[in-house]
Amino acid sequence: MPRHDEAPSNPDKVLYPQDSFRKQDVFDHFRSVSGPLVAHARGKPATLRRFPDGIDADGFFQKEASSHFPDWIARAEVPQRGGGPPVHHVLVDDEATLLHLADQAALEIHIALSTADDLEHPVLAVLDIDPPPDGVEIATLRRVVRSACALFTDDGLDPHVQTTGGKGFHVAAPLDGSRDFEEVRGWIREIADRAARDDPDRLTTEQRKNKRGDRIFLDVNRNAYGQTMIAPYSLRARPGAPAATPIDLDELSRVHPQSYGLTNLARRLARKSDPWRDLH
């Protein structure tokens, strides 16, 4: 097991200016959630969203592992569809790696839906429930999440819910790895289309933003080779430092997409075990 420093470099660097959250605060958050975050991220190629100068400055997505990352950080070679050299993604396989990324101001950790051992067959299916720009009432959003969970169950899937730390929720389900991405995306698209047909005034699967109006977008596009989802317990680069957070379905009536984050997620995990602990 690689060792890591107990403190980040430049710990007082402010990364969330509106909240005065420093790199030390980010480092402490990732250390407090490292157990369940690593359990969900392990073996899945990661894409990083880094903000070296804080969230008010331009950040960037990083797929290729930096040459200055330590040699002990595991990497996965991922071929690109359509040719080109493979991309060497970081694997967040242990706490030391996670804390090194926190020290690099990787505020968001996005993970693939398949593992490095079998890149072509996802082990997770995800429906992203994405409200329109002007938002919707939280009661409406919760009803859509419950309906999506019911449709997953009807199709033999085991739905799990997480707040995204952004505007919406994810409904995810474990897979046995027997289907490729095309099959899985087609399956989840059928579920989303069924939901949209049942409630066309409120829901849409329309890819073009200008055709969605004020409807909630049921996004199945994460179920594709090379796509990612936000890792459970990762921070988001938004004011307040919210985090993606798995929840039990019976908690849904009490939470919103940004209920948990840097200020309260460690406390939640201290009193409640990870609702996704048996996901696989």
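Trainee: How much area does the protein chain expose, and what share do carbon and sulfur atoms supply?

Mentor: About 12700 Å² is exposed, and carbon and sulfur atoms supply 44% of it. The area comes from the Shrake-Rupley method with a 1.4 Å probe. This is a predicted model: local features need pLDDT of at least 70, side-chain atom pairs count only at pLDDT 80 or more, and totals for chains, interfaces and linings use all residues. Residues are numbered from 1 along each chain as its sequence is written, and side-chain values use heavy atoms, leaving out hydrogens and water.

Trainee: What makes the protein chain as compact as a globular protein of its length?

Mentor: Its radius of gyration is 18 Å, and the globule rule gives 19 Å for 280 residues. That radius is taken over C-alpha atoms, and the rule is 2.2 Å times the number of residues to the power 0.38. The two values are close, so the chain is as compact as a globular protein of that length.

Trainee: Why are S11 and S14 called edge strands?

Mentor: The open sheet has six strands in the order S11-S12-S8-S10-S9-S14, with mixed pairing. Strands S11 (203-204) and S14 (245-247) each have a single partner strand, so one side of each lacks a neighbour in the sheet. Strands are DSSP runs (E, at least two residues), as helices are (H or I, at least four), numbered from the N terminus.

Trainee: How do you know that S8 and S10 pair?

Mentor: Pairing takes at least two DSSP bridges between two strands. Six bridges join S8 (residues 124-130) to S10 (residues 169-174). Therefore they pair, and they run antiparallel. Ile 129 stands opposite Phe 169 in S10.

Trainee: What packs on this sheet?

Mentor: Helix H4 (residues 138-154) does, touching S8, S9, S10, S11 and S12. Helix H5 (residues 181-198) also packs there, touching S8, S11 and S12.

Trainee: Which residues have the most contacts inside the largest nonpolar core?

Mentor: That core has 79 residues, and Leu 127, Ile 129 and Ile 188 are among those with the most contacts inside it. A nonpolar core is a set of buried Ala, Val, Leu, Ile, Met, Phe, Trp, Tyr and Cys residues joined through side-chain atoms within 4.5 Å. H5 gives the most to this core, with eight residues.

Trainee: Which side chains of S5 are buried?

Mentor: Buried means under 20% relative accessible area (exposed is over 50%, partly exposed in between; 1.4 Å probe, protein chains only). Ala 76 and Val 78 are buried on one face, while Arg 75 and Glu 77 point to the other and are not.

Note on methods:
Contact = heavy atoms within 4.5 Å. Axes fitted to C-alpha atoms, helices over the stretch in contact; angles between N-to-C directions.
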